[in-house]
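Work through the exercises below with the sequence and the coordinates side by side, and try each task before reading its solution.

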Amino acid sequence: MDEQKIILLYRYLDAESALKSIESRSLRISRLHELNDPFEWRLAISGIPAEGEPSIEKWISSILANQTKTIGLMCFSATCKEPVLWSHYAEKHRGVAFEVEYDCKPNNPIEIKYPTDRFVIDGARYADLQHNEPALKEYLLPFMKPMMSQKSSSWGYEKEYRIYFDLVNDPNIQTSGGHYFIPIPDNFLTRVILGYKCPLEEQYVAKALGKSGLGSTKVTRAKMSNETYEVRCG
């Protein structure tokens, strides 16, 4: 994504979490170890003999363990029309989708790609370099960006965009109860879309938005299309 532009993105939440986000005027940042795809941030390596697999598994796990201490992320979708997203991430249509207006910059947010194949490290090359840390880092560097920005093609329905956070150095990040949060800025949250089964009432949500200083945010309710398999978001 090279050109700066404004796009609409959608973050799906269960109803309780959505209401807490509105009342606290903040969004919770996810951690790498919480991701629901076990292939996320996992390097692919070829040519590893069976006896070497335990040590490789330990090495790969250590990468995730180290990175999750300093890197957070927030996941959005480019669509509110996909019913599977509502089912998986919005409490089976009982939850909420936050529509946000994001001013894109180069590599922020990152648009996730869904290729068929993974980037694969040559196991023999890794074995040659494993005791030469500078050379190993140089070899692995080209594999790190795809690891951050791609998932299996099976996840393509998500149309995901992802924002990464520096949990250590970002001055805007707040902490509470062992979790990390980012404040919701003015003019960021454009709509709160209630799932068609969501128990929250539009007026109640609008009142909560007003109390949090987000009164300009619209509240709508999703509907099922009578003609297609899409969700109508108003």
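The exercises that follow concern a predicted model, and each solution goes step by step.

**Exercise 1. The helix α2**

Task: Determine what span the 15 residues of α2 should have, and which of its residues are buried.

Solution: Begin with the length, where a rise of 1.5 Å a residue gives an expected span of 21 Å for the 15 residues of α2, and the end C-alpha atoms are 21 Å apart, which agrees. Next, list the buried residues of the helix, which are I56, W59, I60 and I63. These residues cover an arc of only 95° around the axis, which puts them on the same side of α2. The general background is that an α-helix has 3.6 residues a turn, so residues three or four places apart point the same way. On the other side of α2, by contrast, P54 and K58 are exposed. Finally, ask what covers the buried residues: the elements that do so include β3 (44-46), α4 (123-129) and α5 (133-149).

**Exercise 2. From T68 into strand β4**

Task: Locate T68, decide whether it is buried or exposed, and then establish how β4 pairs with β2 and with β8.

Solution: The position comes from the elements on either side, since T68 is found in the loop between α2 (53-67) and β4 (71-77). Its relative accessibility is 10%, and because buried means under 20%, T68 counts as buried. Once its neighbours within four places in sequence are left aside, the contacts of T68 are with R31, L32, H33 and L167. Moving on to the strand, six of the seven residues of β4 are buried, so β4 is largely enclosed by the rest of the structure. Strand β2 (residues 26-31) pairs with β4 in the antiparallel sense over two bridges, and here S30 stands opposite L73 in β4. Strand β8 (residues 160-166) also pairs with β4 in the antiparallel sense, over seven bridges, and the bridge partner of S77 in β8 is E160.

**Exercise 3. Rings and charges**

Task: Classify the ring pair of W41 and Y164, and find which charged residues lie over the faces of F76 and Y139.

Solution: The model has five aromatic pairs. In the pair of W41 and Y164, the ring centres are 6.1 Å apart and the planes stand at 65°, so the pair is edge-to-face, the cut-off being over 60 degrees. This pair links distant parts of the chain, with W41 in the loop between β2 and β3 and Y164 in strand β8, 123 residues apart. Both W41 and Y164 are buried. For the charges, R11 lies over the face of F76, at 6.0 Å from the ring centre, while R125 lies over the face of Y139, at 5.8 Å from the ring centre.

**Exercise 4. Backbone angles in a loop**

Task: Examine the phi of K92 and of H93, and state for each residue whether it is buried or exposed.

Solution: Start from the general expectation that most residues other than glycine have a negative phi. K92 is not a glycine, yet its phi is positive, at about 55°, and H93, which is not a glycine either, has a positive phi of about 75°. K92 lies in the loop between α3 (83-89) and β5 (96-103), and H93 likewise lies in the loop between α3 and β5. Their accessibilities then have to be read one at a time: K92 is exposed, with a relative accessible area of 55%, whereas H93, at 8% relative accessibility, counts as buried.

Definitions and conventions
Residues are numbered from 1 along each chain as its sequence is written. This is a predicted model: local features need pLDDT of at least 70, side-chain atom pairs count only at pLDDT 80 or more; totals for chains, interfaces and linings use all residues. Side-chain values use heavy atoms; hydrogens and water are left out. Helices (H or I, at least four residues) and strands (E, at least two) are DSSP runs, numbered from the N terminus. Buried means under 20% relative accessible area, exposed over 50%, partly exposed in between (1.4 Å probe, protein chains only). Contact means heavy atoms within 4.5 Å. The expected span of a helix is 1.5 Å times one less than its number of residues. The arc is that of the directions from the helix axis to the C-beta atoms. Two strands pair if DSSP finds at least two bridges between them. Rings of Phe, Tyr and Trp (its six-membered ring) pair if their centres lie within 6.5 Å; planes under 30 degrees apart count as stacked, over 60 as edge-to-face and the rest as tilted. A charge sits over a ring if NZ of Lys or CZ of Arg is within 6 Å of the ring centre and within 35 degrees of the ring normal.
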